[in-house]
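The following note is offered to a colleague who is meeting this structure for the first time. Please read the points with the sequence and the coordinates at hand.

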Amino acid sequence: MSAKITHVRKWVVIGVGEILLSLFLIALAPVFLNSNRPIFGFLIWLFVPTLLGSSAGYVALKLTDARRARQIFIANFPEYSYLKSTDFLAVSSAQVTRYLSVLEAARKSSEFQQLDISLLALLQDLQK
């Protein structure tokens, strides 16, 4: 759960930073547009939507992949159906697929069951 909070908190901090940078650049752009170097103002107006759009696209892709990773994980381990997509932000769907056999073997192992570690925690440790 702390990994989920860390990822979301990191995204929020980066998002706030990007918005503040964008506001500063948008406020600065007219100075360049009304000077003898209007190309800088024009480039700023192109850069700001590109920056914000690429960040929003990245977040959308990560959330979609987390949803896909959850679906794959839940299809193989239905006892973890209480997990949310945000629990899978640190794990890609490719990693879930890659480690399914390891997770299945761990679930069947009596030694692993004695450790009282969730399969999601094991998956997150495997990817490091």
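1. Charge. The chain carries 13 positive and 8 negative side chains. The centres of these two sets are 10 Å apart.

2. Status of the model. The structure is a predicted model. Its mean pLDDT is 88, and 95% of the residues reach 70 or more. Among the elements of the chain, α2 has the highest mean pLDDT, at 93, and α5 the lowest, at 78. Where pLDDT is low, the predicted coordinates should not be read in detail.

3. Architecture. How many helices and strands does the chain have? There are six helices and zero strands, and the order along the sequence is α-α-α-α-α-α. The radius of gyration is 21 Å, well over the 14 Å that the globule rule gives for 128 residues, so the chain is more spread out than a compact globule. Along the principal axes, the C-alpha atoms fill a box of roughly 75 × 25 × 20 Å.

4. Burial, surface and contacts. Of the 128 residues in the chain, 30% are buried. The chain exposes about 8,300 Å², and carbon and sulfur atoms supply 66% of that area. Among contacts with a separation of 6 or more, 55% are between residues 24 or more positions apart.

5. Ser 22. This residue is located in helix α1, which covers residues 2–33. Is Ser 22 buried or exposed? Because its relative accessibility is 4%, under the 20% cut-off, Ser 22 counts as buried. When residues up to four places away in sequence are not counted, Ser 22 touches Val 48, Leu 51 and Leu 52.

6. Ala 56. Helix α2 contains Ala 56. With a relative accessible area of 48%, Ala 56 is partly exposed. Ala 56 and Gly 15 are 41 residues apart along the chain, and 9.0 Å separates their C-alpha atoms.

7. Ile 72. Helix α2 is also the place of Ile 72. Ile 72 has 22% relative accessibility; buried means under 20%, so this residue counts as partly exposed. Which residues does Ile 72 contact, leaving aside its neighbours within four places in sequence? They are Ser 93, Val 96, Thr 97 and Leu 100. From Ile 72 to Ala 94 the C-alpha distance is 9.7 Å, with their positions 22 residues apart in sequence.

8. Helix α6. This helix spans residues 119–126. Its buried residues are Leu 119, Leu 120, Leu 122, Leu 123 and Gln 124. What covers these buried residues? The cover includes α2 (38–76), α3 (93–98), α4 (100–108) and α5 (110–115). A reader who follows this part of the model should recall that α5, one of the covering helices, has the lowest mean pLDDT among the elements of the chain.

Technical notes
Residues numbered from 1 in each chain as written. Predicted model: local features only at pLDDT ≥ 70, side-chain atom pairs only at ≥ 80, totals over all residues. Heavy atoms only, no water. Helix = DSSP H or I, 4+ residues; strand = E, 2+ residues; numbered from the N terminus. Buried < 20%, exposed > 50% of the residue type's maximum accessible area, 1.4 Å probe, protein only. Contact = heavy atoms within 4.5 Å. Rg over C-alpha atoms; globule rule 2.2 N^0.38 Å. Areas by Shrake-Rupley, 256 points an atom, 1.4 Å probe, with all protein chains shown as cover. Lys, Arg positive; Asp, Glu negative; His and termini not counted. Charge placed at Lys NZ, Arg CZ, Asp CG, Glu CD. pLDDT = per-residue confidence, 0-100.
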